[in-house]
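Reader: Please take me through a single part of this model in detail. Short sentences suit me, and I would like the cut-offs spelled out.

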Amino acid sequence: MLTLFDRLQIGYSASLFPFTGSFSPSSFLFAVLLVMAVFRRTSSPAARLMALAPLAASVIPWQAALFEGPTWYGILDIDRAMSGSARVEFFLPGFVYLCGMFAALFAFEDRRKGWLAWYALGAGLVTKMVMAFTPTVWASGDRTFITMYLGILCAALMLLAELMDTGFHIWSGRSALS
């Protein structure tokens with residue numbers, strides 16, 4: 001029987017690990033748009049570093065080098081729960097996702113849009129975690145990620161609209177980082 005900690009860990013790691021530990025086109029698109037919007041909007045080093053964290057996580061193949069065999073069913077096991085590497089494996093995906101959420105607040109001129117992007121990302125994560133909390137959902141495979149995909153893609157479209165409102169056009173060849 002799974003304990004409450006086991007169920008929480010399954011939901012957390014199964015929700016975040018595929019987006020922050022391996023390449024995902026939707027998270028890569030979101031990360032690129034986030035970096036462009038934050039660099040265009042603010043010169044704050046903290047905001048820019050927060051925006052770069054999701055991009056680095058989606059581009060650098062750190063999953064195989066850092067993790068000692070995570071599965072879809074969780075990262076921590078009872079033998080490794082107190083080791084330093086297990087703590088990094090557990091907290092790094094959450095840190096990267098939170099950096100993306102906080103950076104989204106800096107990407108918009110209108111703070112309400114930033115909070116709406118924050119809500120879309122948070123609601124996508126929470127609904128996936130709730131579904132992943134139950135081991136019987138595993139028969140559905142990747143279909144359970146649809147709410148998280150929708151949250152990330154909604155935030156990405158909002159970032160694209162913000163970039164286009166500030167004068168960035170994909171077809172004009174103008175740099176978003178200038």
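Author: Here is a close look at one helix, followed by a cavity and a ring cluster.

This is a predicted model, in which local features need pLDDT of at least 70, side-chain atom pairs count only at pLDDT 80 or more, and totals for chains, interfaces and linings use all residues. Residues are numbered from 1 along each chain as its sequence is written, and side-chain values use heavy atoms, with hydrogens and water left out.

Start with helix H7, residues 146–165. Helices are DSSP runs of H or I with at least four residues, numbered from the N terminus. H7 has 20 residues and should span 28 Å at 1.5 Å a residue; its end C-alpha atoms are 28 Å apart, which agrees. The expected span is 1.5 Å times one less than the number of residues.

Which residues of H7 are buried? They are Met 148, Gly 151, Ile 152, Ala 155, Ala 156, Met 158, Leu 159, Glu 162 and Leu 163. They cover an arc of only 160 degrees around the axis, which puts them on the same side of H7. The arc is taken from the directions from the helix axis to the C-beta atoms. The face turned away from that buried side carries exposed Leu 150, Leu 157 and Asp 165. Buried means under 20% relative accessible area, exposed over 50%, and partly exposed in between, with a 1.4 Å probe and protein chains only. Just after H7, Gly 167 takes a positive phi of about 105 degrees.

Now the cavity. The structure holds one cavity of 30 Å³ or more. The largest cavity has a volume of about 130 Å³. A cavity is a set of points on a 1 Å grid over the protein atoms alone where a 1.4 Å probe fits but cannot get out; lining residues have an atom within 4 Å of a point. Volume is the space filled by probe spheres set on the points, which are joined across faces, edges and corners. Of the 14 lining residues, the closest to the centre are Thr 20, Ser 27, Phe 30, Pro 54 and Tyr 97. H5 gives the most to this lining, with four residues.

Last, the rings. Phe 102, Trp 115 and Trp 118 are linked into a cluster by ring pairs. Rings of Phe, Tyr and Trp (its six-membered ring) pair if their centres lie within 6.5 Å; planes under 30 degrees apart count as stacked, over 60 as edge-to-face and the rest as tilted. The search of the whole structure finds two aromatic pairs. Trp 115 and Trp 118 form an edge-to-face pair, 5.7 Å centre to centre with 70 degrees between the planes.

Notes: Helices (H or I, at least four residues) and strands (E, at least two) are DSSP runs, numbered from the N terminus. On a 1 Å grid over the protein atoms alone, a cavity is a set of points where a 1.4 Å probe fits but cannot get out, and a pocket is an open set with protein on both sides within 12 Å along at least five of seven lines; lining residues have an atom within 4 Å of a point.
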